[in-house]
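Reader: Hey, got a minute to walk me through this one? I'd like to start with a helix and what surrounds it.

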Amino acid sequence: MKDFIIPWDDRDMGTPERQGAPVTLSIDGFEVTVPEGTSVMRAAAEAGIEVPKLCATDSVDAFGSCRLCLVEIEGRKGTPASCTTPVAPGMVVHTQSEKVNRLRKGVMELYASDHPAIGLTDAANGDSELQKMAARVGLREVRYEPLADHVHRRLADGTANPDWRPVDDSNPYFTYDPAKCIVCSLCVRACDEVQGTFALTIEGRGFDSRMSAGTGLDDYLSSDCVSCGACVQVCPTGSLQEKSVAEMGLPERSVITTCAYCGVGCSFKAELRGDELVRMEPYKGGKANRGHSCVKGRFAWGYATHKDRILSPMIRETINEPWREVSWDEAIGFATNRLKAIQERYGRKSVGVITSSRCTNEETYLVQKLTRAVFMNNNTDTCARVCHSPTGYGLGQTFGTSAGTQDFDSVEHTDVVIVIGANPTDGHPVFASRLKRRLRQGAQLIVIDPRRIDLVKSAHVRAAHHLQLRPGTNVAVVSALAHVIVAEGLANEAFIRERCDWDEYLTYAEFIRDPRHSPEATEALTGVPAAELRAAARLFAKGGNGSIYYGLGVTEHSQGSTAVMGIANLAMLTGNIGREGVGVNPLRGQNNVQGSCDMGSFPHELPGYRHVKNPDVRAIFEKAWGVAIDPEPGLRIPNMLDAAVDGSFKGLYCQGEDILQSDPDTRHVAAGLAAMDCVIVHDLFLNETANYAHVFLPGSSFLEKNGTFTNAERRINMVRKVMAPKNGYEDWEVTQLLANALGAGWNYTHPSQIMDEIAATTPSFAGVTYDLIDRMGSVQWPCNEKSPEGTPLMHVDGFVRGKGRFIVTEYLATDEKAGPRFPLLLTTGRILSQYNVGAQTRRTANTVWHDQDLLEIHPHDAENRGIKNGDWVRLASRSGETTLRAKVTDRVAPGVVYTTFHHPDTQANVVTTDFSDWATNCPEYKVTAVQVGRSNGPSDWQEDYAAQAANSRRILPAAE
Amino acid sequence: MSPEKMVHMANQIAAFFKSQPGADAAERVAAHLSDFWEPRMRAQLLAYIAEGGAGLDPVAIAAAQRLKPVAA
Ligand code: SF4
Ligand code: SF4
Ligand code: FES
């Protein structure tokens, strides 16, 4: 295995980068030019001179408390701190002199005497910045006897030491040892400035002071801390330290790779000791995350070695039998025989595939190629069906491409942000931190969501407007915003004339101006006060750079595609397209949703979003693959299940997806799966879908393979193998085994060859190679002759389709309506610590934050039903019922209940229905009419389900 | 697919295109069905219409009649 050498500068520059006019100064005789506002410390670092420091790092503003970074500046008195002193033209700085060396040594000596626990003068503690600095300044002995210390529980005379505090190990991933805290406040600043949670404070004064999580009564776990780890990363003394490092020792090497959780796509240094992963540290050079991360990416990787992971292939004749462990050959042979028999008997179109948004681009590409070129049909779909397929349709119709328009950096230039149907602090945490930083700088926020998400009101963040709409009324609210903009003459007509189809705009304007779209007319329907909505529309139209970020709360509706078009209309109306700080930004759920869509996972589209009906597109692939491609669209996931129940769809290869848990109307999914003759599940774990599978092919984790993920900004990031696959094969190799057993004759030996094939067939990827990604760190498609280094911003000089298209967005109520039997509306979402169906995060210590799904219900609705906080409740819809515990809260409005879907025993999707988006069949997860009542415990369905699952998961010992 | 579900889906598509300006709703519904409905689903729709097409939006019916015949 070849380690990837980090080609980019990874040094800590001491203080953040600044923008400004160039300033030239001299440091230790070297001339250096830096932007105005840069600190002397950073300027020195630019010149390659590292000034000793303890309380500064380049991710947070300098504070100037440790006094270790003193320098001399000609013509100035004393010895200023270089971290807080900005450069000035012609300044002459000396970072080394007899005087500053003496002072620095004195500073270190004081720290050493106060902190005997850190053992500054012995060499054991390599992670400690403090220790490095002690060595740097040449501290070898400590002359003072400590008068008091933080370290010993008891004083010399045996009495309790009043300054001692116990170690806080309440967080599952790191410890805080107050004895080692030097009160540099780096952690506090990291939590405030980088993460934006404001969980930490400095308590006490002078020698007594110490960092504290929350109030004096809290520990880390009970504080507001969200366990992002930013504080741990900056701590210079090891006072905050990862438990994994304490257990395993310091890492010896690192490999840059990409997080496999959400669509932010953070870059990490995977730090290893031998072949063991010790720590994941967010990588500063990562352009999506800029050195930050959330709890999942940084800490929740233990699932990769969890005991539940299945490492050998397994087969069984029927799903009532226990699994039999077999060789790869036997498993692949069994699967191919069945698939062939099915196709012979039921026809070419009786089998299909589901690709995964969790797998790499290369893996996804091969899985769709398997169905198109080997099964000879277009029955491929992906879980994006159930999340962002309306984005594909809606943005494709209006702008000409489904791509999100911006990069994440763009948020730093925005003035007014609309967040609609998304909960970034939970779903896209690192983006949320970047957004919150911008909000603290003064940008305004409009939240459109049925639930009071954290962004509406949290530390130092207040939404200017929260439009708390009724679930299912997005289109009405978005249209009302557009109505106000057009009717009040706030539309940017110059932009529209230049960039959009003017005639279509006139038709649209006439439509939207109609009083039936006014906020006053729709208030009764949407529940949003008209005055509030008008104010929000004016703010968005007049407030400067306006950006819209949206999530599944927009797409997962009967009118999901229409709502996406409405959002595109809003951006065009206000001229907010084609530059930094603006745009339409779908927040993609899983790490590679964008990539799996790009790679041709949808049944009607070949890679690069080109319809299979187009002969010229088919010709490209027919030439590359040497087969004829079916010109008809294939089945989408819900259609596959319908066809299975009807008896015409019999075999499925499902890679890295758990449709039984994640897709709506669980009973229907189960019935579809049960009707098939060959279900092949390719995954890390025996997931819920595997309860109905005949073949289980073990998968490899993101740490065990090479490939690329494409994040929500269209950024193609490298995934690098940091250890050998525990199951024996990378996932793309498994697909190749299966394809070749069916006669495909593929001979890929490295995923880079798959990327080369993608580039050769797909114009927006034409310039993408592994070499380019290695060289640039990442690249945003389109990447081709026109933009060889990729495209951070879309539609800069014109829309992809030419003229932007306004589309009429009539509100049509969903047929899923609250009524006498089911008077409440259920909507669903996710929380920070868990991810999707939870298969990974449930197998980590993240469960301390969320060990079960809860039903949020308004106090008023709860009281009517005699429900108290923590009670078991029954949640029923026309599809089915389940039980879970209630959480009484006014985060949801009366009439609305909310839950997450991270735990299989809750089976929230038993309740969701088969209604779906009109254009794409994206399920309507976000609106289900339900009734809630008290209950004594699990429903019959839950008990039957648990019994079936337990029965289905039996594994026979391997045969000799 | 259950007939109710199919009717519901077809009517949703018809409802969107009926809300659009222009007199070509049926053509556009037909194009949408050809682009996104797998031949089996289109065949089921046609068969259902042949049996009376109960509950279907007239625009959905008009659209189905414009569908190219498909070899399943
Ligand atoms: S882990 Fe993150 S949220 Fe928690 S205290 Fe540290 S910086 Fe703040
Ligand atoms: S889950 Fe998302 S935000 Fe968290 S580290 Fe991974 S990519 Fe970043
Ligand atoms: S690094 Fe400048 S005062 Fe601490």
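Author: Sure. In this predicted model, the buried residues of α4(A) pack against β6 (200–203), β7 (210–213), α5, β8 (240–242) and α12 of chain A. Contact means heavy atoms within 4.5 Å; helices (H or I, at least four residues) and strands (E, at least two) are DSSP runs, numbered from the N terminus.

Reader: So is α4(A) enclosed or open?

Author: Largely enclosed by the rest of the structure, because 9 of its 10 residues are buried. Buried means under 20% relative accessible area (1.4 Å probe, protein chains only). Among them are R189(A), C191(A), D192(A) and Q195(A).

Reader: What comes just after α4(A)?

Author: G196(A), which takes a positive phi of about 80°.

Reader: Switching to ligands. Which residues are around ligand 1?

Author: They include F174(A), C191(A), Q195(A), C225(A), C228(A) and C231(A), where a residue counts if one of its heavy atoms lies within 4 Å. α4 (186–195) and α5 (230–234) of chain A each give two or more residues to that shell.

Reader: And ligand 2, which residues come nearest?

Author: Of the 13 residues around ligand 2, C259(A), Y261(A), C262(A), C266(A) and C294(A) come nearest. α7 (295–299) and α12 (429–440) of chain A each give two or more residues there.

Reader: Any fine print?

Author: Residues are numbered from 1 along each chain as written, with chains lettered from A and ligands numbered from 1 in written order. Local features need pLDDT of at least 70, side-chain atom pairs count only at pLDDT 80 or more, totals for chains, interfaces and linings use all residues, and side-chain values use heavy atoms, leaving out hydrogens and water.

Definitions and conventions
Buried < 20%, exposed > 50% of the residue type's maximum accessible area, 1.4 Å probe, protein only.
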